[in-house]
Structures are given as C-alpha cells and as structure tokens.
Amino acid sequence: MTWDKYQEIESNSNIREAIETILLEIETKYQIKILLAADTGSRSCDIHSFGSDYDIKFVFTRPLRKQLSLFPASDTIDFSSVVKLKEGYNNVDSIEINCGGFDIQKACQLLSTSNAALVHLFFESCNEKIGFRQDVNPFITYLSPSTGFNFRQLGLHNRSIAMGVFKNKVTQQKQPIPVKNYLNIMRYVNIAEQIKSIMEKTGLEFNSFEHISTTDYSILPQEIQNFQKEMLLKRRVGDWNTERDEKMEGILLSLMEEERNYFSSFSEKGSEANEESKYKRGKQILGENCDNIYFKVIKSLFIEEKDQEE
C-alpha cells in the first residue's frame, strides 16, 4: 500500500472532525472554552508517517468567576484519545490524539516572553489545514501577524532542541538510528536557520514570525535537503531505522555551531545603546500586545456572562 493510499484512508476516516469532537469533549469535561487549537507535532511540518499521532495544543478560558479566582484551578490540561481508522494499514488501525492546553493567562504570559511553543502554536493556529477554532481565536483578532518576537531567543531554543536530539538520540544511540531522529534535527535546524537569515537581513532581535516555514527546507545546504528527502521517504515506506551517516552529522553539527555563535553574538539586551533601545521597545510592544489580548478575552467573558444573566 502506498503513502497516497494511507493519506486517503486518513481522509476517509474524518480525523479532523474527530479532533473537533475531542475538543468538545474536553470543554465539557473541564468546563472550559477552547479559544484556539492546532497540531504542533510532526504533522505540522509534514514529516509524519502512517500511524503518527496528532499533537494538539490549545488555549482555553474558564468561566469568569473561576478565571479570576484567588484559588485558580490548574493552568494546564492534558487529555488523550484514540481515533479508529475506517481501514487498517500495515497493522495500524487507530491514531492517538494527544492534547495539551494552556490557560489564557499563562498563554499570554508565555507568548509575551517569546516562548517558542506558544509562538509556534499561535502561527499554526492561523493555518486552516492544522488550526482549529479560528472563528473565535483572539490571537488572530488582536495580535497582528507582523508582531515582533525575540528571534535571538527563538533561534537559540530551536537550535538547542536540535542539538539535544543530536547528542541524546543520535551520537549516543547504538546502530541503527531511528529515521525520525534525523528528521527532527533537520526540522529544528531549518527553523533556526530561517530565523538567523531574517536577523541578518533586519539586524534586529525582534522580528515577525510570519515568514518562517516549517515545511520549506530550501534555505539549507543542498546536501541536507537531499538527506531530508531521503529520510522522509524511508519513514513513509515504513523503513523506521537507518545506518549512521557521520558525514551528514558533521555537516549538521557545523551548521548548529554557526547558529549558536551567531545567536550568542547578540547580548541579552543589545551590545550598544541604540540596540538596547530597540530591544526594550520590541519587548515593550510585545508585552503590551499580549496584555491587551488577555484583557480583551476577560472583557468578552464578562459581557457574555452578563448577557446570559439578562
């Protein structure tokens, strides 16, 4: 059975509708309202294979009284479910749906610090293919796609994830190497390299994330692009492991070292007075935007509940 056939099976199994149902189940169980959600796992960057789970992240609010309580409930929610496929494929007859949620206040606080998970979630929630609840997404309404995020921090974070996988799941791994480990290294190296490229063009730490692509690897050296395609093809035909490629590891390691040196060359607040001023201004604008989102959401909750009472 081909990869195209498996995609057809998933499509016929109405996975997206099943995820919407799961989100409704979460809302009912925890008495919350989900404002946005998106797939943030391997599927979001198109390196998944048959049977890959869905990694759904979401942002939620509670009823106003609980949202403003002095004794708030947990600001995160975890929930898992399984969706049956209408037809089996290579012993795969179901898909796991793993969901993780952030309270709106926590989400806005993390986003204001350019937290990588929340920045990715925000932009992926705007994507019609992998985003959910776009009609009520306050981030789309109140946060411009051109909003600047701390690219130095995001670059170091993505590069750090790539290096972590490289050290812990490749160089310390006995033969053979799981194909997905190589793919994950290239996934995060690719994002870090795009971030680095934008910073080189603008000379600024705070930049818009809207032109970052998780599926376009064209910025990487051709050797890495070819290797990425080779590993992805292996994964999609069910060839889960591969022999170590020390030459490619050397190329990737060199690139990650270049990224680390570049991002580290920007001090925490800029090396000169003018740069420090730009840094502070970018941080202030981002903080104000995220604070405004939180205020707007709380205000809408107040109005909504007041209307219901009347």
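This note comments on the first helix, the nonpolar cores and one lysine of a predicted model.

1. Helix H1, which spans residues 3-12, has Trp3, Tyr6, Ile9 and Glu10 as buried residues. Seen down the axis of H1, these buried residues fall within an arc of 115°, so they line one face of the helix. An α-helix has 3.6 residues a turn, so residues three or four places apart point the same way. On the face of H1 turned away from the buried side, the exposed residues are Asp4 and Ser11.

2. The partners against which the buried residues of H1 pack are two helices, H2 (15-30) and H9 (222-236), together with the strands E2 (54-61), E3 (76-89) and E4 (92-103).

3. After H1 comes asparagine 14, which has a positive phi, near 55°. Lysine 86, placed in strand E3, lies 72 residues from asparagine 14 in sequence, yet the two are 9.1 Å apart in space, C-alpha to C-alpha. Leaving aside residues up to four places away in sequence, lysine 86 touches Asn12, Ser13 and Asn14, and its side chain reaches the backbone oxygen of asparagine 12 at 3.2 Å. Lysine 86 is nevertheless exposed, with a relative accessible area of 63%.

4. The largest nonpolar core has 40 residues, and those with the most contacts inside it are Phe139, Phe149, Ile195 and Phe209. Several elements each supply at least two residues of this core, among them strand E1 (33-39), helix H7 (151-171) and helix H8 (179-202), while H11 gives the most, with eight residues. Apart from this core lies another, of 27 residues, including Ile26, Ile32, Phe50 and Tyr54.

How values were computed: Residues are numbered from 1 along each chain as its sequence is written. This is a predicted model: local features need pLDDT of at least 70, side-chain atom pairs count only at pLDDT 80 or more; totals for chains, interfaces and linings use all residues. Side-chain values use heavy atoms; hydrogens and water are left out. Buried means under 20% relative accessible area, exposed over 50%, partly exposed in between (1.4 Å probe, protein chains only). Helices (H or I, at least four residues) and strands (E, at least two) are DSSP runs, numbered from the N terminus. The arc is that of the directions from the helix axis to the C-beta atoms. Contact means heavy atoms within 4.5 Å. A nonpolar core is a set of buried Ala, Val, Leu, Ile, Met, Phe, Trp, Tyr and Cys residues joined through side-chain atoms within 4.5 Å. A polar contact is a pair of N or O atoms within 3.5 Å; within protein, one must be able to donate a hydrogen and the other to accept it, and residues adjacent in sequence count only if both atoms are side-chain atoms.
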